[in-house]
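Please open the model in your viewer and keep the selection panel at hand. The tour below moves from one selection to the next and says what is found at each stop.

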Amino acid sequence: MINLQEQTAPLLLQVLHLKKSYHLRPVLRDLSFSLEQGERVALLGPSGCGKTTLLHCLGGIDRADEGSIEIQGVLLDRLSGKELTELRRRSLGMIFQFFHLLPTLSVFENIEFPLQLLGVGSSERHDRVMQLIEEVGLQSRWKALPAELSGGEMQRTAIARAIIHRPALLLADEPTGNLDSLTGEKILHLLEKLSQAYKIAMLMVTHSPQVADICHRVIKISDGVMIEESSEKIKSSDH
Ligand SMILES: Nc1ncnc2c1ncn2[C@@H]1O[C@H](COP(=O)(O)OP(=O)(O)O)[C@@H](O)[C@H]1O
Ligand SMILES: [Mg+2]
């Protein structure tokens, strides 16, 4: 009989021997790592080592020269442009240091946008967006435009927009890099809470040592390859 308890969780993301050069200069030289479902991993490395390049390849924004990226068992480079867009809309979320909100849309409309792209009906959209707005603490700001928000409120909006469709994987590029340390800490705990509540795996590029506190593992890019820094306890509340 198969003992389900002993089966390891299926891999959410598997990256094998990824290589990427710009103008013949190698950035990612031979990069391999994997993520399990619901796992939070901090990605460290000096400026210019290729962290953003890696996230762009994982998010299907950029293409690697060699190697493979498999998300939920699907090899990215086997997908057509249309299939890749579909996978990104359904399974991935991304957040950035500078928030990248749509300036003419309100908080509510920014968060609603990914659900519109997926064809979710308006009454379900309304309910899901309002519920998430409450979870990220923006109840009093849902009508505001991005320019009227504080940095922390902008990042809360960006986070809600990135996870409203309940992606399996959130890619975060220096999500607290443009926030003061107290606001940054609150944002990290929000990410941890949402990752646990919705079982979202997170790969978070950071310079902040605090990020490691909310992650299961820390990995580092050094000379274009991946180094495992530490393997921590899996937080019991996640399982
Ligand atoms: N579109 C591009 N064209 C040319 N070089 C690039 C491009 N994007 C990134 N690079 C170079 O690749 C290296 C890695 O960049 P990046 O991934 O942004 O690093 P990090 O996010 O770790 O700071 C840097 O040397 C950068 O200048
Ligand atoms: Mg970067």
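How do the residues of the shell around ligand 1 divide into nonpolar, polar and charged? In this predicted model, that shell holds three nonpolar residues, six polar ones and one charged one. To see them, select Tyr22, Val27, Gly45, Ser47, Gly48, Cys49, Gly50, Lys51, Thr52 and Thr53, which together surround ligand 1. Then colour helix H1, residues 51-58, since this is the element that gives the most to the shell around the ligand, with three residues.

Next, zoom out and show the whole chain as a cartoon, in which six helices and ten strands can be traced. The radius of gyration is 18 Å, close to the 18 Å that the globule rule gives for 239 residues, so the chain is as compact as a globular protein of that length. If you turn the C-alpha trace along its principal axes, it spans about 50 × 45 × 40 Å.

The remaining stops concern helix packing. Two packed helices are described by the angle between their axes and by the distance between those axes.

Select helix H3 (residues 107-117) together with helix H4 (residues 122-135), whose axes come within 10 Å and cross at roughly 130°. Because an angle of that kind falls in neither the parallel, the antiparallel nor the perpendicular range, H3 counts as oblique to H4. The crossing in which H3 passes H4 is right-handed. For the contact itself, show side chains for Phe108, Ile111, Glu112, Leu115 and Gln116 on H3, and for Arg125, Arg128, Val129, Leu132 and Ile133 on H4. Sorted by class, this contact of H3 with H4 comprises six nonpolar residues, one polar residue and three charged residues.

Now keep H3 displayed, hide H4 and bring in helix H5, residues 151-163, where the axes of H3 and H5 come within 7 Å and cross at roughly 25°. Angles under 35 degrees count as roughly parallel, and H3 and H5 are therefore roughly parallel to each other. The crossing of H3 and H5 is right-handed. On the H3 side, select Val107, Asn110, Ile111, Phe113 and Pro114, which meet Thr157, Ala160 and Arg161 of H5. Here the contact of H3 with H5 divides into five nonpolar residues, two polar ones and one charged one.

As a last selection, pick Ile111 of H3, which is listed in the contact with H4 and also in the contact with H5.

Definitions and conventions. Residues numbered from 1 in each chain as written. Chains lettered and ligands numbered in written order. Predicted model: local features only at pLDDT ≥ 70, side-chain atom pairs only at ≥ 80, totals over all residues. Axes fitted to C-alpha atoms, helices over the stretch in contact; angles between N-to-C directions. Helix = DSSP H or I, 4+ residues; strand = E, 2+ residues; numbered from the N terminus. Parallel < 35°, antiparallel > 145°, perpendicular 65-115°, else oblique. Left-handed = near helix turned anticlockwise from the far one by under 90°. Contact = placed C-beta atoms within 7 Å. Nonpolar A, V, L, I, M, F, W, Y, C, P; charged D, E, K, R; others polar. Near = placed C-beta within 6 Å. Rg over C-alpha atoms; globule rule 2.2 N^0.38 Å.
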